[in-house]
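Thank you all for coming; I would like to take a few minutes to walk through one structure with you, going from the annotation to the fold and then to the surface. Please have a look at it first.

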Amino acid sequence: MKWGKWIAYGIAILAVIGLVGQLIMNPGGFMRNMLMMVGAAVVIGFLLYFFLIRRRSNVSSGYKKALKQSKQMYGKSGSKVKPNMNAKTSGQPKLQRMPRIRKKSGNQPNLRVIEGNKK
């Protein structure tokens, strides 16, 4: 085994011994420390979410509004079938799937074999 693994195992064992010792000798302090660590993790996670993740989404409010309208009109299933506005809606509407049309790729690369020294 490498020395790094032995050192990591040693640190982990010392941490477990320290936690068990603190739990036996001072359970109230142990619980207070655990609650403080969890609270700090929640605060740091909230700050990271608020400042980093939330700011990344630079989606305009107009786009969000249009997306919401589209979801209301077409439903959340993501199907591309337009609803029939003239038909009477009795119960649940029947959705028909449009057949997929395969496009033939006209821009196929022109490949040729280059003769060379083959070993």
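Which residues does the UniProt annotation "transmembrane region" cover? According to that record, which is an unreviewed entry, the annotation covers residues 7–25 and 31–52. Please keep in mind throughout that what we are looking at is a predicted model.

Let us set the annotated spans against the coordinates. Residues 7–25 are 100% helix and 0% strand, with the C-alpha atoms at the two ends 27 Å apart. For residues 31–52 the end C-alpha atoms lie 31 Å apart, and this span, too, is 100% helix with 0% strand. Taking the protein chain as a whole, we find three helices and zero strands, so that, in the order from the N terminus, the elements read α-α-α.

Now to the surface. Of the 119 residues in the protein chain, 3% are buried, and the chain has an accessible surface of about 12,800 Å², with carbon and sulfur atoms contributing 62% of that area.

One part of this surface deserves a closer look, namely a nonpolar patch of about 890 Å², whose members include Val-43, Ile-44, Phe-46, Leu-47 and Tyr-49. Phe-46, which belongs to this patch, sits in helix α2, the helix that runs over residues 27–56. Is Phe-46 buried or exposed? Phe-46 counts as exposed, because its relative accessibility is 52% and the cut-off for exposed is over 50%.

Note on methods:
Residues numbered from 1 in each chain as written. Predicted model: local features only at pLDDT ≥ 70, side-chain atom pairs only at ≥ 80, totals over all residues. Heavy atoms only, no water. UniProt positions renumbered as here; feature names shortened; annotations may be inferred. Helix = DSSP H or I, 4+ residues; strand = E, 2+ residues; numbered from the N terminus. Buried < 20%, exposed > 50% of the residue type's maximum accessible area, 1.4 Å probe, protein only. Areas by Shrake-Rupley, 256 points an atom, 1.4 Å probe, with all protein chains shown as cover. Patch = residues over 30% accessible without salt bridge, like charges linked within 9 Å, V, L, I, M, F, W, Y side chains within 5 Å. Salt bridge = Lys/Arg side-chain N within 4 Å of Asp/Glu carboxyl O.
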